[in-house]
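Got your viewer open? Load the model, pick a cartoon view, and follow along stop by stop.

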Amino acid sequence: MNLASAPLAADSARSELRALARLALPIAVAQAGLVAMALVDVAIVGRVSVNELASCAMGRTIVHTSNALGMGVSAAVDPLASQAIGAGRPGLAWAALRATLRASLLVSVVAFGAALAATFALAPMGVDPALVPGVRRYILGHALWIFLWPVFLAGKNFLQAHGATRPALVAVVAANAVNVVACNLMVRGDEALRWVGLPPLGLPQLGALGAGLAASLASVVLSSIVLFAAGRRRGAPREQEGAVPVAV
């Protein structure tokens, strides 16, 4: 490399790093926010009951394991959308997202059934039978999450193919705010109101069920925001009628 080209190479490297940071930083912060949701659940449920916390821990493991099916399907939109956008056909990328969403919802039916079925194996495996009902309540409360988590991931992958990473970050921040409030109210009941100086309203302590319901509510926020952002990038209607691209 000659001396004249060295400054050009340095400028190119700096511009590439800036572009990478603009794309990667929102993704990294969003991932940290998703982890924070689980930590919030642990902190809140742990204040109520050790048994409920144990039920949540086992239920969360089962939910995330069963959700691997939908997560795998939702990842399919990434190469399909990227290929279509690279070819200048955003409508086909939108068609790929729609196909992925339909497939992930179908697979999530199996995932939900598998999660519930897994609870019947806990007691024979040596888990305290007294904890099993709490695990089932947690999974039932998590039902919407099981269906909507792959939807969020598919929408996020679609947006990333467009180079849009901020909507997922906004979704995670909003979902965390909803989860903190909902989880406190549903898990701790009136105790949460008294803790912030508000009068009790007769709210029950739902324990593991409340943690699952709060997560489901947060998943509605996650999926709604990314799908709204994705819908604004659907492309020309005439392109949507084309075949979904297949990566080779």
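Contact, on this tour, means heavy atoms within 4.5 Å. With that in hand, select F158: skipping its neighbours within four places in sequence, it is in contact with V77, A81, A93, W94, L97, A230 and R233. Keep in mind that what you are looking at is a predicted model.

**Zoom out: the whole fold**

Go back to the cartoon and colour by secondary structure. You should find 10 helices and 0 strands, so per the run definition used here, every element from the N terminus on is an α: α-α-α-α-α-α-α-α-α-α. Switch on a surface next. The accessible surface comes to about 12,300 Å², and carbon and sulfur atoms account for 70% of that. Of the 248 residues, 41% count as buried. How much of the contact network joins residues at least 24 apart? Among contacts between residues at least 6 apart in sequence, the share is 79%.

**Into the core**

Now select L97, F152, F158 and L222. These are the residues with the most contacts inside the largest nonpolar core, a set of 58 residues. Which helices each supply at least two residues of this core? Colour α1, α2, α4 (77-86), α5 (90-118), α6, α7 (143-161), α8 (166-188) and α10 (207-231), and you have them. Hide the others and look at α7: the largest share of the core comes from there, 12 residues.

**Two serines**

Stay inside and select S223, in helix α10. Is S223 buried or exposed? Its relative accessibility is 5%, so it counts as buried. Leaving out neighbours within four places in sequence, S223 is in contact with L148, V151 and F152. F152 is a residue you just met, one of those with the most contacts inside the core.

The other serine to pick is S66, in helix α2. S66 is buried as well, with a relative accessible area of 8%. Show A111 and A115 as sticks: S66 touches both, not counting residues up to four places away in sequence.

**Salt bridges**

Side chains of opposite charge can pair when their charged atoms come close. How many salt bridges does the structure hold? There are 3 to visit.

- Select R60 and D41. Their side chains meet in a salt bridge, 3.9 Å from N to O. The pair links distant parts of the chain, with R60 in helix α2 (residues 50-66) and D41 in helix α1 (residues 5-45), 19 residues apart. Both R60 and D41 are buried.
- Select R137 and E52. This salt bridge has its closest N and O atoms 3.2 Å apart. R137 sits in helix α6 (residues 132-141) and E52 in helix α2, so the pair ties together parts that are 85 residues apart in sequence. R137 is partly exposed at 33% relative accessibility, whereas E52, at 16%, counts as buried.
- Select E191 and R188. Their side chains meet in a salt bridge of 3.4 Å, N to O. E191 is partly exposed, with a relative accessible area of 25%, while R188 counts as buried at 2%.

**A cysteine check**

Next, select C56 and C183 and put a distance between their sulfurs. Why is there no bond here? The sulfur of C56 is 7.7 Å from that of C183, its closest cysteine sulfur, and that is too far for a bond. The cut-off for a disulfide is 2.5 Å between the sulfur atoms. C183, too, is in no disulfide, with the sulfur of C56 as its nearest cysteine sulfur. Searching the whole structure gives 0 disulfides. For accessibility, C56 counts as buried at 1%, and C183 is buried with a relative accessible area of 0%.

**Last stop: out on the surface**

Bring the surface back and select V180, V181, L185, L201 and L203. Together they form a nonpolar patch with about 400 Å² of accessible area. Centre on L185, which you will find in helix α8. L185 counts as partly exposed, at 31% relative accessibility. Helix α8 is also one of the helices that each supply at least two residues of the core.

How values were computed. Residues numbered from 1 in each chain as written. Predicted model: local features only at pLDDT ≥ 70, side-chain atom pairs only at ≥ 80, totals over all residues. Heavy atoms only, no water. Salt bridge = Lys/Arg side-chain N within 4 Å of Asp/Glu carboxyl O. Helix = DSSP H or I, 4+ residues; strand = E, 2+ residues; numbered from the N terminus. Buried < 20%, exposed > 50% of the residue type's maximum accessible area, 1.4 Å probe, protein only. Core = buried A, V, L, I, M, F, W, Y, C linked by side-chain atoms within 4.5 Å. Patch = residues over 30% accessible without salt bridge, like charges linked within 9 Å, V, L, I, M, F, W, Y side chains within 5 Å. Areas by Shrake-Rupley, 256 points an atom, 1.4 Å probe, with all protein chains shown as cover.
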